[in-house]
Number of protein chains: 2
Amino acid sequence: MNIDKYPSRLLENAVNEFSKLPGIGRKSALRLVLHLLRQDKEEVNSFGNSLIQLRNEIKHCKVCHNISDSETCQICSNPSRNDSVICVVENIRDVMSVENTHQFNGLYHVLGGIISPMDGIGPAELEIDSLIERINSGQVIEIILALSTTMEGDTTNFYIYRKLKGKEVKISTLARGVSIGDELEYTDEITLGRSLMNRVPFESSLGK
Amino acid sequence: MNIDKYPSRLLENAVNEFSKLPGIGRKSALRLVLHLLRQDKEEVNSFGNSLIQLRNEIKHCKVCHNISDSETCQICSNPSRNDSVICVVENIRDVMSVENTHQFNGLYHVLGGIISPMDGIGPAELEIDSLIERINSGQVIEIILALSTTMEGDTTNFYIYRKLKGKEVKISTLARGVSIGDELEYTDEITLGRSLMNRVPFESSLGK
């Protein structure tokens, strides 16, 4: 679509801004902008302001580096959570995923990524040092490495494992195995092999 | 995804706002918001402000009802356009589509929709009276009805045609026929039938 054919500069600006978002092309951007034009002024103002406020006012928790409205996030400042277990995750979305399982009552540590030399991300770019500090502070009994099961995830796991060698902290990782709902036929052989090796007593698979 | 699991109220607000947009669910909204969080503050501010400005400052051209930055749009106020031909379209997007063909140098009239009793849209909700006024004003020689080729479009065409009966203005409509690039096998029989009835001399199909 020809760019100089927009009937209004304001429209063009808004379309340009929307089409910078991932997965939104110029046609979708135009559709979204025309949708907003049909909404009440208050609706659109509150949309625009919610984005501006978000970016300007959001904080990162100084303990776990999760995003937060305050200096210390809701999870870290919740006295009913178990502060002796830390679940190490890549990003904010993974915190939300683990929270949604309702199976974890400890704290988190958001690395902000995983080691990926291809993308120029080394340990120094991640919140690994602050993780070690948290562990050195003493009260942590266990850390759970909950990173992606990719080569980069494994590398990061191994890096953290090496850094913590000799320290008195239990290091565990998520169980690997056949996903619930998966058919064996379509499960890759490495996953299947590992889940055979790490087979569990049938009673424990019945859930609690 | 559980709504009370968002780590920040600001994040939740922004996700809520994004997921009001058509075709954007809560998961995509979260992905877009996290993308914005990684951008510079200036970027996000200009995004938010572009939407607020758009909604608060945009005008509708008082002649053709297209959106515009000024009282009269760029097209209506352009002296090199032929003001004796008016192309009648449903919405702003259709103006842009016709403009992109570079085959039309007249003016437009944006109805703001088409007659659709199912959706409660009658002639009074549309800019039909103002179209008639424009024609009554005298200098219009031809109007081109460029509405959707649906039942609603045909109804609207016929309504306008009836309203203009007896007036000295030529009423034409877009040519119907086989789309360029279409295979006959996949062309519906009504289109094919009409394009047979309205066949044109071969020379004229060679373009100019």
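**Entry 1: the positive patch**

I take buried to mean under 20% relative accessible area, exposed over 50%, and partly exposed in between. I keep in mind that I am working on a predicted model. I looked up Arg31(A) with these classes in hand, and Arg31(A) is partly exposed because its relative accessibility is 36%. I find Arg31(A) in helix H2 of chain A, which covers residues 26-37. I then asked which residues form a positive surface patch with Arg31(A). They are Lys27(A), Arg38(A) and Arg93(B).

**Entry 2: salt bridges**

I noted that side chains of opposite charge can pair when their charged atoms come close. I took a side-chain nitrogen of Lys or Arg within 4 Å of a carboxyl oxygen of Asp or Glu as the criterion. I get 6 salt bridges over all chains by this rule.

I started with Arg9(A) and Glu12(A), whose side chains meet in a salt bridge at 3.7 Å, N to O. I see both residues in helix H1 of chain A, residues 9-18, where they stand 3 residues apart, or about one turn of the helix. I asked whether Arg9(A) is buried or exposed. Arg9(A) counts as exposed because its relative accessibility is 52%. I record Glu12(A) as buried, since its relative accessibility is 9%.

I went on to Lys20(A) and Glu17(A), which form a salt bridge at 3.4 Å, N to O. I list Lys20(A) as partly exposed because its relative accessible area is 46%. Glu17(A) has 12% relative accessibility and is therefore buried.

I looked up Glu17(B) and Lys20(B) in chain B and found a salt bridge between their side chains, 3.4 Å from N to O. I class Glu17(B) as buried because its relative accessible area is 11%. Lys20(B) stands at 46% relative accessibility, so I class Lys20(B) as partly exposed.

**Entry 3: aromatic pairs**

I describe a pair of aromatic rings by the distance of the centres and the angle of the planes. I count 8 aromatic pairs over all chains. I looked at Phe104(A) and Tyr108(A), one of these pairs, with 5.2 Å centre to centre and 65 degrees between the planes, an edge-to-face arrangement. I used over 60 degrees as the cut-off for edge-to-face. I note that Phe104(A) is buried because its relative accessible area is 15%. Tyr108(A) has 1% relative accessibility and so counts as buried.

I turned to chain B and asked how many degrees lie between the planes of Phe104(B) and Tyr108(B). I read 65 degrees, with 5.2 Å centre to centre, and the pair is edge-to-face. I put Phe104(B) down as buried, since its relative accessible area is 15%. I put Tyr108(B) down as buried because its relative accessibility is 1%.

I also looked for rings that join into a cluster. I found one aromatic cluster formed by Phe18(A), Phe47(A), Phe18(B) and Phe47(B).

**Entry 4: positive phi**

I checked phi at His102(A) and found a positive value near 60 degrees in a residue other than glycine. I place His102(A) in the loop between helix H4 (92-101) and strand E4 (106-110) of chain A. His102(A) counts as exposed because its relative accessibility is 51%.

I then read phi at His102(B), which is about 55 degrees, a positive value although the residue is not a glycine. I find His102(B) in the loop between helix H4 (92-101) and strand E4 (107-110) of chain B. I class His102(B) as exposed because its relative accessibility is 52%.

**Entry 5: two loop residues**

I asked where Gln74(A) is found. I see Gln74(A) in the loop between strand E2 (67-68) and strand E3 (82-89) of chain A. Gln74(A) has 47% relative accessibility and is therefore partly exposed. I read 11 Å between the C-alpha atoms of Gln74(A) and Val63(A), which are 11 residues apart along the chain.

I looked up Cys73(B) in the loop between strand E2 (67-68) and strand E3 (85-89) of chain B. I class Cys73(B) as buried because its relative accessibility is 2%. I find the C-alpha atoms of Cys73(B) and Val33(B) separated by 34 Å, with the two residues 40 residues apart along the chain.

Definitions and conventions:
Residues numbered from 1 in each chain as written. Chains lettered and ligands numbered in written order. Predicted model: local features only at pLDDT ≥ 70, side-chain atom pairs only at ≥ 80, totals over all residues. Heavy atoms only, no water. Patch = residues over 30% accessible without salt bridge, like charges linked within 9 Å, V, L, I, M, F, W, Y side chains within 5 Å. Areas by Shrake-Rupley, 256 points an atom, 1.4 Å probe, with all protein chains shown as cover. Lys, Arg positive; Asp, Glu negative; His and termini not counted. Charge placed at Lys NZ, Arg CZ, Asp CG, Glu CD. Helix = DSSP H or I, 4+ residues; strand = E, 2+ residues; numbered from the N terminus. Buried < 20%, exposed > 50% of the residue type's maximum accessible area, 1.4 Å probe, protein only. Phe/Tyr/Trp six-rings, centres within 6.5 Å; stacked < 30°, edge-to-face > 60°.
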